[in-house]
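Work through the exercises below with the structure open. Try each task before you read its solution.

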Amino acid sequence: MTLNHIRRGSGSPLLLVHGLGAGWRSWTPILDRLAEHREVIAVDLPGFAETPPLTGEVSIATLTDAVADFIREQGLDGISTAGQSMGGRIVLELARRGIGGDAVALDPGGFWSRRELAVFAATLRPSIVLVRALRGALPALLGNPVGRTLLLAQLSARPWALSREIVLPDVRGLADSPATGAAMDALTKGPAQQGALAGSVPGRVTIGWGRRDLVTVPRQAARASELFPDAELHWFERCGHFPQWDAPQEVIRLILENTD
């Protein structure tokens, strides 16, 4: 499978891997600024945006396989990677496998306790059902601060302060992507993320976490750091699960300073 992708900018290549939502457009708040410094390559994972779904099992392993195949097919061995949420987990899995170079994982999944995982599934699944039911009304609902706050309180620390243009693609992606349900099953029913022994990853690993993340809650950062002992942990203050929404300039600095 060839992943749909876009390329912007010039310089050292940087691969962006999105989470549940809009595909590569999830990076819109920071993509152009990153492209002022790097050749940015942003992919649509299988079953999201313009990449067709996988024909077989959907799991973190098979989604990572698809990204690894893309890296090989495009001649991008050693490329720096950055991912958010499920995409953050995928770039950590690539690093664990020894694929790519420097890696930045923003609020990655895969480090829930059983109780946290149950809460995650019990809260996000109904939210997905809700946005699907409200599909036609989403532009209007997200066009005012009250609607954004009601719909996005689980995802952003300050949803009222965001613009409709920033959040609408990801919310629509949750509703429309054919792989949303299968990817949720992979996150909630599949195995937890495995770690990497010290010295075994191919480049620097940086993990960024929002202090107000209600999806991958902040105490999971300690588990991630234990499983990836080479990783540097960065905290985003007043930030929820989507740091590219809540702290775009800080995310840009974090990625540029921690990837070559």
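**Exercise 1. Work out what share of the chain's contacts with a separation of 6 or more joins residues 24 or more positions apart.**

Solution. Start with the term: a contact means heavy atoms within 4.5 Å. Take the contacts with a separation of 6 or more; residues 24 or more positions apart account for 75% of them. Note the source before going on: this is a predicted model, where local features need pLDDT of at least 70, side-chain atom pairs count only at pLDDT 80 or more, and totals for chains, interfaces and linings use all residues. Residues are numbered from 1 along each chain as its sequence is written, and side-chain values use heavy atoms, with hydrogens and water left out.

**Exercise 2. Describe the overall build: elements, radius of gyration and span.**

Solution. Count the elements first. The chain has 11 helices and seven strands. These are DSSP runs numbered from the N terminus: helices are H or I with at least four residues, strands are E with at least two. Next, the radius of gyration: it is 17 Å, close to the 18 Å that the globule rule gives for 260 residues, so the chain is as compact as a globular protein of that length. The radius is taken over C-alpha atoms, and the rule is 2.2 Å times the number of residues to the power 0.38. Finally, the C-alpha trace spans about 45 × 40 × 40 Å along its principal axes.

**Exercise 3. Find how much of the chain is buried, what it exposes and how its charges are placed.**

Solution. Buried means under 20% relative accessible area, exposed over 50%, and partly exposed in between (1.4 Å probe, protein chains only). Buried residues make up 54% of the 260 residues. The chain exposes about 10600 Å², and carbon and sulfur atoms supply 53% of that area. Areas come from the Shrake-Rupley method with a 1.4 Å probe; for residues, only the protein chains shown count as cover. For charges, Lys and Arg are positive, Asp and Glu negative; His and the chain ends are not counted. Each charge is placed at NZ of Lys, CZ of Arg, CG of Asp or CD of Glu. The mean positions of the 26 positive and 27 negative charges are 7 Å apart.

**Exercise 4. Find the aromatic pairs and classify each one.**

Solution. Apply the rule. Rings of Phe, Tyr and Trp (its six-membered ring) pair if their centres lie within 6.5 Å; planes under 30 degrees apart are stacked, over 60 edge-to-face, and the rest tilted. The count is two pairs. In one, the ring centres of Trp112 and Phe120 are 4.5 Å apart and the planes are at 20°, so the pair is stacked. Trp112 is buried at 12% relative accessibility, and Phe120 is buried at 4%. In the other, the ring centres of Phe242 and Trp245 are 4.1 Å apart with planes at 20°, so this pair is stacked too. Phe242 is buried at 5%, as is Trp245 at 4%.

**Exercise 5. Where do Ala49 and Ser85 lie, and is each buried or partly exposed?**

Solution. Recall the background: most residues other than glycine have a negative phi. Ala49 has a positive phi, near 55°. Ala49 sits in the loop between strand 3 (39-43) and helix 2 (60-73). At 42% relative accessibility, Ala49 is partly exposed. Ser85 also has a positive phi, about 60°. Its loop runs between strand 4 (80-84) and helix 3 (86-97). Ser85 is buried, at 13%. Beyond four places in sequence, the contacts of Ser85 include Gly19, Asp107 and His241.

**Exercise 6. Trace the packing of Ile90 and of helix 8.**

Solution. Ile90 is in helix 3. Ile90 is buried, with a relative accessible area of 0%. Leaving aside neighbours within four places, Ile90 touches Val17, Leu45, Leu63, Thr64 and Val67. Now take helix 8 (residues 180-189): Thr180, Ala183, Met184, Ala186, Leu187 and Thr188 are buried. The buried residues of helix 8 pack against helix 2, helix 3, helix 4 (114-133) and helix 7 (164-176).
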